[in-house]
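Biologist: Please take one part of this model and go through it closely, starting from how the helices cross and working outward. I would like the packing, the pairing and the burial in one connected account.

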Amino acid sequence: TLGIDPSRPRWWTSLEGDNPSRPYTNESGFWMLRFEVHQAGYEAVTGTNPSRHIGESRPVEMVSYEDAAAFCEQATEKFGVVIRLPTSDEWECACRAGTETMFSYGDDVRLTPRYANAADASNPDVPTPGTYDDGHPLTAPFGQFLQNGFGLADMHGNVWEWCQAPYLAIPGDPNSAVTDRADARGGSYYDGPASLESGHRNPLPVSTRSGNVGFRVIAELPPPQ
């Protein structure tokens, strides 16, 4: 089940892009990168590193949707398999890892520091920091937080992750497409709990370049024997 379950308790207001829960089935499955694309990996493929928060094991950021799509094209050519951005539904399916709670780790926001690099007391620049300190005022290197049930890390927090355009105002309805926007998912180190929810969608202009927006990719590999 994807989306926001209106029957669940909430301690904050839903944000733009959230939708009621709905069934979702993926017929073929997919292989997703365990971590966000990091700066060393991005530079190895593109020869550049546009990031604001430098560190080779930190997620690449300051990448627009077009930059992320171009990386996928170059990686496809380099590695000989199709590398692409996930659809919004694929991303949420991977994030939830079989759960139907607000986060992949349940409904208890107090667990957030274990699983997500979010707005916290270590970052004095965020408008509404949490009272906890997760040790990372800005982006964190991969492997610092607990993984979800599918073994994926940083699905909540660290940087927003681009999904395939166009943004569908009504999920599953191509007639609701907003062609100059794409879903960004997962929230970031600069955002509070509502942005980190598994079902939250953030329709960003595709030209957005920000120090808290990056991506992860899917590989279309043949199924294991």
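Modeller: Helices H1 and H2 cross in the left-handed sense; like everything below, this is read from a predicted model. H1 covers residues 39-46, and H2 covers residues 65-79. Their axes lie 9 Å apart and make an angle of about 70 degrees. An angle from 65 to 115 degrees counts as roughly perpendicular, and H1 and H2 are therefore described that way. On the H1 side the contact is made by Gly 41, Tyr 42, Ala 44, Val 45 and Thr 46. H2 contributes Asp 67, Phe 71, Gln 74, Ala 75, Lys 78 and Phe 79.

Two of these contact residues, Tyr 42 of H1 and Phe 71 of H2, also belong to an aromatic cluster. Ring pairs join Tyr 42 and Phe 71 with Phe 215.

The count of aromatic pairs comes to eight. One of them involves Phe 35 and Phe 142, with ring centres 4.8 Å apart and planes at 35 degrees. Planes under 30 degrees apart would count as stacked and over 60 as edge-to-face, so at 35 degrees the Phe 35 and Phe 142 pair is tilted. This pair links distant parts of the chain, as the two residues are 107 residues apart. Phe 35 sits in the loop between strand S1 (31-32) and H1, while Phe 142 sits in the loop between helix H4 (112-115) and S3. Phe 142 is partly exposed, at a relative accessible area of 33%. A second pair is formed by Tyr 189 and Tyr 190, whose ring centres are 6.4 Å apart. Their planes stand at 75 degrees, so this pair is edge-to-face. Tyr 189 is buried at 7% relative accessibility, whereas Tyr 190 is partly exposed at 37%.

The loop that holds Phe 142 also holds His 136, between H4 and S3. The relative accessible area of His 136 is 16%. The limit for buried is under 20%, so His 136 counts as buried. Leaving aside residues up to four places away in sequence, His 136 touches Asn 117, Asp 120, Ser 122, Pro 141, Gln 144 and Phe 145.

S1, the strand before the Phe 35 loop, belongs to an open sheet of three strands. The order of this sheet is S1-S9-S2, and its pairing is antiparallel. S1 and S2 (82-84) stand at the edges with a single partner strand each, so one side of each is left without a neighbour in the sheet. S1 and S9 (residues 218-220) are joined by two bridges. Met 32 is placed opposite Ile 218 in S9.

Another open sheet has four strands, in the order S7-S6-S3-S8, and its pairing is mixed. Its edge strands are S7 (201-205) and S8 (213-214), each of which pairs on one side only. S6 (residues 181-185) runs antiparallel to S7, with five bridges between the two. Across this pairing, Asp 183 faces Pro 203, and Ala 184 faces Asn 202. S6 also pairs with S3, again in the antiparallel sense, over two bridges. Here Glu 161 has Arg 185 of S6 as its bridge partner. Four of the five residues of S6 are buried.

Helix H3 (residues 88-96) lies across S3 (160-162), S6 and S7 of this sheet, and runs at about 5 degrees to S6. Eight of the nine residues of H3 are buried, so the helix counts as mostly covered under the buried limit of 20%. The buried ones are Ser 88, Asp 89, Glu 90, Trp 91, Glu 92, Ala 94, Cys 95 and Arg 96. Elements of both sheets take part in covering them: the cover includes S1, S2 and S9 as well as S3, S6 and S7. Ala 97 follows H3, and its phi is positive, near 50 degrees.

Note on methods. Residues numbered from 1 in each chain as written. Predicted model: local features only at pLDDT ≥ 70, side-chain atom pairs only at ≥ 80, totals over all residues. Heavy atoms only, no water. Pairing = 2+ DSSP bridges. Contact = heavy atoms within 4.5 Å. Axes fitted to C-alpha atoms, helices over the stretch in contact; angles between N-to-C directions. Phe/Tyr/Trp six-rings, centres within 6.5 Å; stacked < 30°, edge-to-face > 60°. Buried < 20%, exposed > 50% of the residue type's maximum accessible area, 1.4 Å probe, protein only. Parallel < 35°, antiparallel > 145°, perpendicular 65-115°, else oblique. Left-handed = near helix turned anticlockwise from the far one by under 90°.
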